[in-house]
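Visitor: Could you take me through one part of this structure up close? I'd like to look at the sheet and how far to trust what I see.

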Amino acid sequence: METLVSKWHRELEIFSAIKPLLIFEGNVLDQYRYPVEGSLKKDEIVPLSRYLHTWFRDQGYSRVVFYSNLVGFMNPYEPEMLKGYAALTGSEVKEGAIRAEFKGNDAGTAPNVIRRAMCQQREATVTVLEMASHYIITPERTDQQDVNSFNILLQSALSASFVRTPQGKKQNLLIILVNKVNDLPTWFYLNNPVCKKIVLEAPDREERKRMIAGGNIASFFDGTVYRQDMPYYTEHPDELDRLREKFVGLTEGMTFTELDETRRLCKLEGIRMRDFCSAVDLYKYGIKENPWSTLSVDSLKNAKKDFEKRIKGQDAALERTLDVVKRAVTGMNGLSSSSTSKPKGVLFFAGPTGTGKTETAKALAEKLFGDESTCIRFDMSEYGQSHSDQKLMGAPPGYVGYEAGGQLTNAVKKNPFAILLFDEIEKAHSSILDKFLQILEDGRMTDGQGNTVYFSETIIIFTSNLGIYVKDAFGNRHPNVTMDMTYDEVRAKVRSAVEDHFKLELGRPEILNRIGENIVVFDYIRPEAAELILRSQVDKIIKNLREQKKIEIVIGDTAYDHLREAALRDLSNGGRGIGNQVESLLINPLSRWLFDNGVTGNARVVIDDFDTQANPASVVCRVEGSDQ
Amino acid sequence: MADENKRKTPDEENEVVKMLRGIGSDLWGGFAAGGEETAKPDVKPAAEPEKHAQKPGLPAIERIWEIADETIDWTDALVYDSAPDGLTGSRQWAFYKKYASAVLAGDLKAYAAVLTAANPLGDLTVFTGDMKIRTPGADRLEAVFEVNEAYMKKNAKRYMAGLSLRIARDLFAVLPVSEVGVEACENGEVLFSAEYTRDRLRKRSFACTDPMDFAEE
């Protein structure tokens, strides 16, 4: 197997030869694959400290020690190195460690021990400061002793000596491991010519591939499962390759530690080889049965008919929406990209108000996950402030609301299989768009509490009324599309307006690129669709009254014609407008009449007419064959 | 691989068994007599039940099924040069590694070799008479034990059921089979039998398990 060397290792190789101070930030608590043959076996996965110990030892450094402010200096891998280090620095080893406080400038403090090691020329030393993010409370609240400690370290690095070794000249090194570089005082690393920052990333695609390459995949499975399933995959290597490929995609962003935990989980649960990737779901979400994998293509075949029962007159929009969903269900979504960690689908619903955008999202949630409540709606007009991203993703430590977490991240943590509906996205603050960009690109987000939330099992829907009105030079709103335009005209104008908004107004074409071709434009509610909506709403009222109150409502033809004429007079507010009319013309007057006439159940009520001109509107009714 | 699987002559097989005995006694400090497909645990003379019930590390017979041997991780042995958790010594790991490939291929000779070397039921013979393990197929192990009269007096059925469950757990721990059948006999007559599957025992809380649940009617 060819040698695979990570970017950070290459940087370590280059800069440890020329810089005396290296700051490692990022994934410092993880384990790493040792990339070369040496005192450790090539490809062995070890903690970072062991990695660094082995690497520098093999480079000719005879004294490699690790410091933490709780324990002091130590070397768990080669205690002899610590003794030599103690001798070099005039320190004393007690119970396997050189005890030294970090704070202050006394001779016995850690920075002074390090200074002596860095400045001597007898033996090549590497001092690794572990957990260095925890040495001071915050960089902004340092006292003089903290400042002194870092100052001594800075001076040590600036005056680091060279040492002759059998493997050539080596400069004494100081390595600091931090979660974030800004956990250290800025003056310590900024404009510091002897300092090099190296970012430790989670294992990349190639690293993850290597973990399950060849026979390595065996260690993910229980012995019985492997013995039973492997013969099939030996005969069908293509299928095993597909499983590997999918696993690599799903594990994007996971650390080596997390990957190893997934490996152990897979084994403990006795997961079959064909269900290999469900181990990732189990690890991330705590469930083995991914609702996406139980969805059949057959169940979506009739989806359009089911949708049409709820959403009228939106043939093209429904077709386009279902295309995206079908792609998600058949697993075709990741084909055009290297990542399968992205959300299952992204849709941008645009169009006039009341045309069924939200209803489509709800219908989709019911179809996919069997429950309309899995459509989680965020009204983006509530996220218009610059700090709104904290409301959505959670406030950072120390800020009000930190404990509560973010509304979006909490919702997805609670239910990772959901439709996320961001209503009126154009009203969100631009800082939120950056967060969305990350979600759309990486499929994950770290909340204020440091928990990673995965969006890879969600469908994200943005809705917007962009393109319905345009503003003139004086800021006055004018309709951009009207009901007398055909759907194709409406679609073209709205699409163009959406594109202009992201490209020209916001200057963020990259967001548009992530949405791709998934802008779905909803048509105006045309008279034919309006008729259907009205009929469906009236039928629903009649049915509810029959089932709940045992009141049979019969609407005479003339009455219905009058109702229709009034309800469909103005379709500019779409289905919602029709609903409002039905409420004021039918529900309210009918309730009033039933109440006034003491009809509370077991009756047949005939509506002969509606007086839509009256204020409020009224109904002309009679009870047929009442037993009251 | 093809050579390894080739049928060996009786003399060659004796050599293999001899070699395994050597490894086994190094690894586990004792070795059982055994054949190619039948391993017989090291039978020690039965002693007073109460005395052995107090033996450290072995629970009383009334709760014998609550603990079991540690599972050998054959797939880890196949991949790693040393135990990833650092809990298994290098010599023992080397033994696992040597057999991992054959065991995971369902090779019954390898099963027999491992059973002979690991002697998974050896510690239970204080509760039984003669005990035998059969390897009828790559997916199944069968154990038959002669009951110990001393334990039959109090609650015979529970004794047989509890011990059978413990035997099944130990056998699942040593080899990657998905079924284990256990029979308890008296003078060759089957008094009790039970069938166990790995899936049914997986993640079960044995402190809350009634071993009678597995008894065959």
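Visitor: Among the elements of chain A, which has the lowest mean pLDDT and which the highest?

Guide: Keep in mind that this is a predicted model. Helix H13 of chain A (residues 297-301) sits at the bottom with a mean pLDDT of 73, while strand S6 of chain A (residues 125-129) comes out on top with 97. There's also a stretch, residues 334-339 of chain A, where the pLDDT is below 50; beyond near neighbours in sequence, that stretch makes five contacts in the model. Where pLDDT is low, don't read the predicted coordinates in detail. Chain A as a whole averages 88, and 97% of its residues score at least 70.

Now for the sheet, where you'll meet S6 again. Six strands of chain A form an open sheet with mixed pairing, in the order S5-S4-S6-S9-S1-S10. At the edges are strand S5 (72-74) and strand S10 (195-200) of chain A, each pairing on one side only. Going from one strand to the next, the twist averages 20 degrees.

Zoom in on one pair: strand S1 (residues 21-26) and strand S9 (residues 173-178) of chain A run parallel, paired over five bridges. Within that pair, Phe24(A) faces Leu177(A) of S9(A).

Next, the helices. Helix H1 of chain A (residues 7-15) packs on the sheet and touches S1 and S10 of chain A; its direction makes about 160 degrees with that of S10(A). Helix H2 of chain A (residues 48-58) packs on the sheet too, touching S1, S4, S6, S9 and S10 of chain A. The direction of H2 in chain A makes about 155 degrees with that of S4(A).

Conventions. Residues are numbered from 1 along each chain as its sequence is written. Chains are lettered from A and ligands numbered from 1 in the order in which they are written. This is a predicted model: local features need pLDDT of at least 70, side-chain atom pairs count only at pLDDT 80 or more; totals for chains, interfaces and linings use all residues. Side-chain values use heavy atoms; hydrogens and water are left out. pLDDT is the predictor's confidence in each residue, from 0 to 100. Helices (H or I, at least four residues) and strands (E, at least two) are DSSP runs, numbered from the N terminus. Contact means heavy atoms within 4.5 Å. Two strands pair if DSSP finds at least two bridges between them. Axes are lines fitted to C-alpha atoms, for helices over the stretch in contact, and angles run from 0 to 180 degrees between N-to-C directions.
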